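The exercises below work through the pockets of a protein and the place of its ligand. Please look over the sequence and the structure before turning to the solutions.

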Amino acid sequence: MRLRVATVVSGRGSNLAALLEALGREGDRAPAEIVLVASDRADAGGLAVARQHAVPTHVFNDSADSAEWRRVLEAAGADLVVLAGYVKKVPAEVVLSWRGRMLNIHPALLPRHGGAGMYGRRVHRAVLEAGDVRSGATVHLVTEEYDRGPVLGQASVPVLPDDSPDTLAARVLAVEHRLLPAAVLAAARAGKPVPFALDEPDPLIP
Ligand code: GRF
């Protein structure tokens with residue numbers, strides 16, 4: 001039986017697109033399917049990505065309402081929730097009831113550069129300001145504390161001397177697009193989220 005995955009997005013949805021493409025490549029053998037894309041924003045690019053793939057969508061009337069989350073996730077028959085660029089707070093009751101079955105992707109090597117307000121360009125600016133020589137992406141389980149749940153997998157990239165937040169973001173995004181599908185495929189094969197490693201070497205790591 002395929003793992004039924006609901007994703008929640010706020011933005012352009014490139015991670016969602018990478019996930020849909022990776023599952024598409026698995027064809028009939030795909031161990032997971034995206035059954036819902038939900039968003040706090042009616043104009044999120046991720047909703048358009050979902051529609052292109054004929055995936056049902058939902059725009060929250062009130063993204064702070066745990067009953068609405070419960071209703072849509074149950075109606076979709078979701079087994080796993082993937083936050084793929086969701087920037088709002090997930091209601092505490094939802095985090096609690098989906099504990100161990102909700103993943104997030106963060107564009108830095110947690111525990112560095114996470115926490116409330118750390119998203120988008122701010123993350124990459126913080127990496128540059130800290131003088132880190134590597135950054136990357138992290139997939140972790142969602143707990144009550146922002147970006148502090150158990151890490152399941154990471155991929156790293158170098159920070160180059162002339163990087164701007166945007167050039168670093170683009171390099172990190174490229175590994176996010178491999179990391180998130182790997183996380184979901186590993187979860188689907190195991191029947192629940194598990195620690196995983198990317199099976200291909202990172203071409204950017206010397
Ligand atoms: C990604 O960098 C992800 O790590 C972060 O938000 C961004 C979403 O990008 N949580 P996209 O909407 O998947 O293109």
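**Exercise 1.** Describe the largest pocket by its lining, its volume and the elements that contribute to it.

*Solution.* Begin with the lining of this predicted model: 43 residues line the largest pocket, and those nearest its centre are G85, Y86, V87, I105 and Y119. Next, assign the lining to secondary structure, where α1, α4 (92-97), β5, α5 (121-130) and α6 (165-190) each give two or more residues. Among the elements, α6 gives the most, with five residues. Then turn to the volume, which is about 890 Å³ for the largest pocket. Finally, sort the lining by class, which yields 19 nonpolar, 14 polar and ten charged residues.

**Exercise 2.** Where does the ligand sit, and which residues are around the ligand?

*Solution.* The first step is to place the ligand, which sits in the largest pocket. The elements that give two or more residues to the shell around the ligand are α1 (14-26) and β5 (102-106). The second step is to list the shell residue by residue: G11, R12, G13, S14 and N15 belong to it, as do G85, I105, H106, P107 and E176. G85 and I105, which are in this shell, are also among the residues nearest the centre of the pocket. The third step is to sort the shell by class, which gives two nonpolar, six polar and two charged residues; glycine is counted here as polar.

**Exercise 3.** Which polar atoms of N15, I105 and E176 lie close to N or O atoms of the ligand, taking 3.5 Å as the cut-off?

*Solution.* Start with the backbone: a polar backbone atom of N15 is 2.8 Å from an oxygen atom of the ligand, while a backbone N or O atom of I105 lies 2.9 Å from a ligand nitrogen atom. Continue with the side chain of E176, in which an N or O atom is 2.6 Å from an oxygen atom of the ligand. To complete the picture, consider the cover: on its own the ligand has 370 Å² of accessible area, and the protein covers 87% of that area.

**Exercise 4.** Which element gives the most residues to the lining of the second largest pocket?

*Solution.* First note the lining, made up of 15 residues, of which R178, P181, A182, L185 and D199 lie nearest the centre of the second largest pocket. Both α1 and α6 supply at least two residues of this lining, and α6 gives the most, with seven residues. By class the lining has eight nonpolar, one polar and six charged residues, and the space in the second largest pocket is about 310 Å³.

Terms used. Residues numbered from 1 in each chain as written. Predicted model: local features only at pLDDT ≥ 70, side-chain atom pairs only at ≥ 80, totals over all residues. Heavy atoms only, no water. Near = heavy atom within 4 Å. Polar contact = N/O pair within 3.5 Å; in protein donor to acceptor, adjacent residues only side chain to side chain. Areas by Shrake-Rupley, 256 points an atom, 1.4 Å probe, with all protein chains shown as cover. 1 Å grid on protein atoms, 1.4 Å probe; cavity = no way out; pocket = protein on both sides within 12 Å on 5 of 7 lines; lining within 4 Å. Sits in = over half its atoms within 2 Å of the grid points. Helix = DSSP H or I, 4+ residues; strand = E, 2+ residues; numbered from the N terminus. Points joined across faces, edges and corners; volume = space filled by probe spheres on them.
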